[in-house]
Each structure stands twice: as C-alpha cells, then as structure tokens.
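Biologist: I have a fold on my screen and a list of words that people use for it. Could you walk me through where those words come from?

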Amino acid sequence: MSLSDPSRTVVFDPLRLSARSIAVKYLFVLAGTLVLALASQISVPMVPVPITMQTFAVTMIGALYGWRLGTLTVLAWLGEAMLGAPVLANGSGGLAPFAGPTAGYIAAFPLMALMVGWLAERGWTGDNVVRSFIAHLAANLFCLSLGGLYLASLIGAEKGWLLGVAPFILGGVLKSALAAAVLKGIRIYGDQAELR
C-alpha cells in the first residue's frame with residue numbers, strides 16, 4: 001500500500017504528510033497510536049460499553065493524516081492492543097476486547113478513520129465546518145450502528161439499543177462538533193502561519 005500519491009491533489013493536509021518521507025510518516029503513525037491510547041483512557045465507565053474519547057481521536061487521526069495513513073495508524077493501534085498492550089479503554093488489551101461486547105465498535109474504528117480521512121481529503125473539513133461536522137457525525141453513527149448491531153447479537157436488540165447506542169448519540173454529536181471546531185482552528189492557524 002502506497003502511503004502517498006503525488007498525482008492526487010489533497011485539499012486538506014495541515015501536517016504536510018503527503019510530502020513527507022516514509023520515515024517521518026512512520027513516526028506519525030507511532031505518535032498517532034500514542035494519542036489513540038491516551039484518548040482511550042479518558043473515559044466514563046459504563047456497562048457494557050464505556051464512554052471514551054476514542055472515537056474523537058480516531059476521526060481526528062483520519063482527518064489530519066488522510067485516509068491511507070489514518071487507517072494504517074488505527075490498525076497499528078489495534079495491533080498493539082491485540083498483542084496485549086493496554087491501549088484500549090480502561091487499559092485493556094489482548095484478544096478479549098475483540099470478542100466481547102465492544103468488538104463491533106472496535107471493528108468500526110479503522111473504517112471511521114478511512115471515511116473521515118477520505119472526505120477530509122476532498123474538502124469535507126477545515127474551512128467547511130458544516131461538512132466537517134457531517135463527516136465526523138457520519139463516522140460516529142456508523143460506529144454506533146456496527147457496535148450496536150454486534151452488541152444486540154449478544155444481549156438482544158432492545159438492550160443493545162439501550163446500553164450500546166442511545167447513551168452515545170449525544171456524545172457523538174458533541175465530539176463531532178468539537179472535531180469540526182478544532183479542524184477549523186487548525187486551518188485558520190495554518191493559514192496564518194503560512195502568511196508569516
């Protein structure tokens with residue numbers, strides 16, 4: 001998989017990753033997995049699925065890194081978790097989270113980064129706050145849908161909705177708004193820095 005495609009014009013690339021070397025991109029992947037691990041520890045414990053900042057970090061990685069590098073970063077983070085590193089919510093790691101009640105949400109994470117990154121590269125971020133919000137919200141709703149469906153297969157549709165989807169909708173809206181605002185700020189700051 002190529003991490004860059006020089007023939008393609010990217011609308012939003014605040015980190016200038018498209019022009020960086022493979023070694024620098026590798027460092028960004030490592031830094032991204034650290035950010036994802038830290039965001040996973042910001043949580044409100046709930047049963048069976050905690051509220052965390054994971055989805056915010058996943059969509060931000062997608063928007064800032066682009067769909068290729070963003071997806072690769074999320075997959076690397078999940079690989080760390082599979083190997084037993086305590087990088088998921090509440091310091092969990094190993095194979096258990098990939099088969100437990102959170103497995104559907106975890107499976108959605110790389111696809112969220114891909115979705116938001118792909119849209120960001122086409123202008124659905126930065127200057128366009130509404131499109132940015134929609135991109136992040138769509139990714140959050142996708143995650144809730146996939147996670148809720150898997151959870152419902154374990155505990156039933158009604159409990160899956162009540163415990164795995166409904167409590168997280170407002171959080172998804174708020175995290176999407178925060179992401180759009182942060183990315184707008186990055187765009188403004190980046191433009192000002194270029195003028196200097």
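**How the helices cross**

Modeller: Helices α1 and α2 are roughly perpendicular to each other. Before we go on, a word on the source: this is a predicted model, in which local features need pLDDT of at least 70 and side-chain atom pairs count only at pLDDT 80 or more, while totals for chains, interfaces and linings use all residues. Residues are numbered from 1 along each chain as its sequence is written, and side-chain values use heavy atoms, with hydrogens and water left out.

Biologist: Why are α1 and α2 called roughly perpendicular?

Modeller: Helix α1 covers residues 22-41 and helix α2 covers residues 54-82, and they pack at an angle of about 85 degrees with their axes 8 Å apart. Angles of 65 to 115 degrees count as roughly perpendicular, under 35 as roughly parallel, over 145 as roughly antiparallel and the rest as oblique, so the label follows. The axes are lines fitted to C-alpha atoms, for helices over the stretch in contact, and the angles run from 0 to 180 degrees between N-to-C directions. The helices themselves are DSSP runs (H or I, at least four residues), as are strands (E, at least two), numbered from the N terminus.

Biologist: What meets what between α1 and α2?

Modeller: From α1, the residues include Phe28, Val29, Leu36 and Ala37; from α2, they include Val58, Ile61, Leu69 and Trp77. The residues of this contact divide into 15 nonpolar, five polar and two charged. Here Ala, Val, Leu, Ile, Met, Phe, Trp, Tyr, Cys and Pro count as nonpolar, Asp, Glu, Lys and Arg as charged, and the others, Gly among them, as polar.

Biologist: What makes α2 and α3 roughly perpendicular?

Modeller: Their axes come within 7 Å and cross at roughly 105 degrees, and α2 and α3 are therefore roughly perpendicular to each other. The contact of α2 with α3 has 16 nonpolar, eight polar and no charged residues.

**Buried or not**

Biologist: Why does Thr59 count as buried?

Modeller: Buried means under 20% relative accessible area, exposed means over 50%, and partly exposed lies in between (1.4 Å probe, protein chains only). Thr59, in helix α2, has 1% relative accessibility, so Thr59 counts as buried. Leaving aside neighbours within four places in sequence, Thr59 is in contact (heavy atoms within 4.5 Å) with Met112, Val116, His136, Ala139 and Asn140. Thr59 and Ala113 are 54 residues apart in sequence, and their C-alpha atoms are 5.2 Å apart in space.

Biologist: And Val87, which lies in a loop between α2 and α3: how do you know whether Val87 is buried or exposed?

Modeller: The value for Val87 is 9% relative accessibility, so Val87 counts as buried. Among the residues that Val87 touches, not counting those up to four places away in sequence, are Leu36, Ala37, Trp77 and Ser92. The C-alpha atoms of Val87 and Leu38 are separated by 7.5 Å, although the two are 49 residues apart along the chain.

Biologist: What makes Val44 partly exposed?

Modeller: Val44 sits in strand β1, residues 43-44. With 47% relative accessibility, Val44 counts as partly exposed. Val44 touches Pro50 and Ile51, not counting residues up to four places away in sequence.

**The core and the backbone**

Biologist: What makes a group of residues a nonpolar core?

Modeller: A nonpolar core is a set of buried Ala, Val, Leu, Ile, Met, Phe, Trp, Tyr and Cys residues joined through side-chain atoms within 4.5 Å. The largest one here has 38 residues, and Leu36, Val58, Val74, Trp77, Leu78 and Phe109 have the most contacts inside it. Helix α2 gives the most to this core, with 13 residues. Phe109 touches Val58, Val74, Trp77 and Leu78, among others, not counting residues up to four places away in sequence.

Biologist: How do you know that the span of α4 is close to the expected one?

Modeller: The expected span is 1.5 Å times one less than the number of residues. For α4, with 27 residues, 39 Å is expected, and the helix reaches 38 Å from its first C-alpha to its last.

Biologist: Why pick out Arg16 for its phi?

Modeller: Most residues other than glycine have a negative phi. Arg16 is not a glycine, yet has a positive phi of about 55 degrees. Arg16 is in the segment before α1 and is partly exposed, with a relative accessible area of 40%.
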